[in-house]
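Me: I should like to learn how to read the features of a protein model, one residue at a time. Please give the general idea in each case and then apply it to the structure shown.

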Amino acid sequence: MDFFVATGESFIKLINTGGATLVGMITGILPAALIALTIMNTIIALVGQDRIEGFAQRLAGKRILIRYLFLPYLSAFFFSNPTAFLMGRFLPERYKPGYYEAVNCSTMAPLMCFFPHVNPAELYAWLGVADGIIKLGLPIGPLAVSVFFLAMVTTTLKAFVVEKIAHALAKKKGIDWDKLEARKLGGAVEEPLL
């Protein structure tokens with residue numbers, strides 16, 4: 001009987017902990033994300049979505065460094081996580097897999113070395129590493145700079161590889177990026193994408 005009581009109490013404790021975590025997220029990250037989304041959508045409404053999409057496609061469409069290095073880092077810096085992903089909506093469909101890889105994998109942790117607001121949910125990882133370095137009596141500045149520049153190189157390389165994999169898979173499945181883009185922009189597409 002004690003086993004069932006202990007199991008029930010543990011289950012209720014788990015539910016209460018989950019509820020406390022949810023309330024913490026609702027009062028912490030949710031308002032910040034909503035404000036960031038509101039500001040971003042206001043800027044888009046003022047400038048015009050067609051202008052922003054045209055500018056992004058002209059600027060990032062043919063320049064890999066802008067597409068997978070500058071745009072993800074600037075998006076992460078100004079909009080932080082998770083709003084930084086939304087900037088990818090302005091890119092052509094063919095470049096979105098690489099952009100999301102760049103934002104997701106590599107830009108958050110390296111930027112946290114200098115700018116904790118980028119992804120405060122994962123700040124514990126950097127602080128743990130920094131604490132270990134400090135306990136060894138070493139300065140953390142060189143580590144932060146090294147992580148930042150190494151991530152810049154690996155971010156671009158990984159995003160480019162993901163882009164090539166996405167193109168190969170799309171070709172194998174018979175997906176036409178131009179038709180997909182036309183459908184996104186509201187153009188008439190007579191035949192299916194596949």
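Me: Where is the place of Glu163?

Reply: Helices are DSSP runs of H or I with at least four residues, strands are runs of E with at least two, and both are numbered from the N terminus. Glu163 has its place in helix H7, which covers residues 141-173. This is a predicted model, in which local features need pLDDT of at least 70, side-chain atom pairs count only at pLDDT 80 or more, and totals for chains, interfaces and linings use all residues. Residues are numbered from 1 along each chain as its sequence is written, and side-chain values use heavy atoms, with hydrogens and water left out.

Me: Is Glu163 buried or exposed?

Reply: Buried means under 20% relative accessible area, exposed means over 50%, and partly exposed lies in between, with a 1.4 Å probe and protein chains only. Glu163 counts as buried because its relative accessibility is 4%.

Me: Which residues is Glu163 in contact with, leaving aside its neighbours within four places in sequence?

Reply: A contact requires heavy atoms within 4.5 Å. With those neighbours left aside, Glu163 is in contact with Arg67, Tyr68, Arg94, Tyr95 and Gly98. A C-alpha separation is another way to read such a pairing: Glu163 and Tyr99 are 64 residues apart along the chain, and their C-alpha atoms are separated by 8.4 Å.

Me: What can be said of Thr154 in helix H7?

Reply: Thr154 also has its place in helix H7, and it counts as partly exposed because its relative accessibility is 29%. The C-alpha atoms of Thr154 and Cys105 are separated by 9.7 Å, with their positions 49 residues apart along the chain.

Me: How should helix H5 be read through Lys96 and Tyr100?

Reply: Lys96 has its place in helix H5 and is buried, since its relative accessible area is 12%. Not counting residues up to four places away in sequence, Lys96 touches Gly88, Arg89, Leu91 and Lys184. Tyr100 is found in helix H5 as well, but it counts as partly exposed, at 30% relative accessibility. Beyond four places in sequence, Tyr100 is in contact with Phe85, Gly88 and Arg89. Its C-alpha atom is separated by 8.0 Å from that of Ala159, 59 residues away along the chain.

Me: Which residues touch the most other members of the largest nonpolar core?

Reply: In soluble globular proteins, nonpolar side chains tend to be buried together. A nonpolar core is a set of buried Ala, Val, Leu, Ile, Met, Phe, Trp, Tyr and Cys residues joined through side-chain atoms within 4.5 Å. The largest one here has 24 residues, of which Met40, Tyr73, Met87, Phe90, Tyr99 and Leu111 touch the most other members. Two or more residues of this core come from each of helix H2 (29-47), helix H3 (49-60), helix H4 (64-83), helix H5 (96-112) and H7. H4 gives the most to this core, with six residues. Met40 touches Phe79, Thr83, Leu86, Met87 and Phe90, not counting residues up to four places away in sequence. Apart from this core lies another, of five residues, among them Met112, Cys113, Trp126 and Ala144.

Me: What does Leu71 in helix H4 show about contacts and separation?

Reply: Leu71 lies in helix H4 and, leaving aside its neighbours within four places in sequence, is in contact with Ile66, Leu91 and Tyr99. Leu71 and Lys184, by contrast, are 113 residues apart in sequence and 21 Å apart in space, C-alpha to C-alpha.

Me: How many helices and strands are there in the protein, and why is it more spread out than a compact globule?

Reply: The protein has eight helices and zero strands. The radius of gyration is taken over C-alpha atoms, and the globule rule is 2.2 Å times the number of residues to the power 0.38. The protein is more spread out than a compact globule because its radius of gyration is 22 Å, well over the 16 Å that the rule gives for 194 residues. Its C-alpha trace spans about 65 × 50 × 40 Å along the principal axes. Buried residues make up 30% of the 194 residues.
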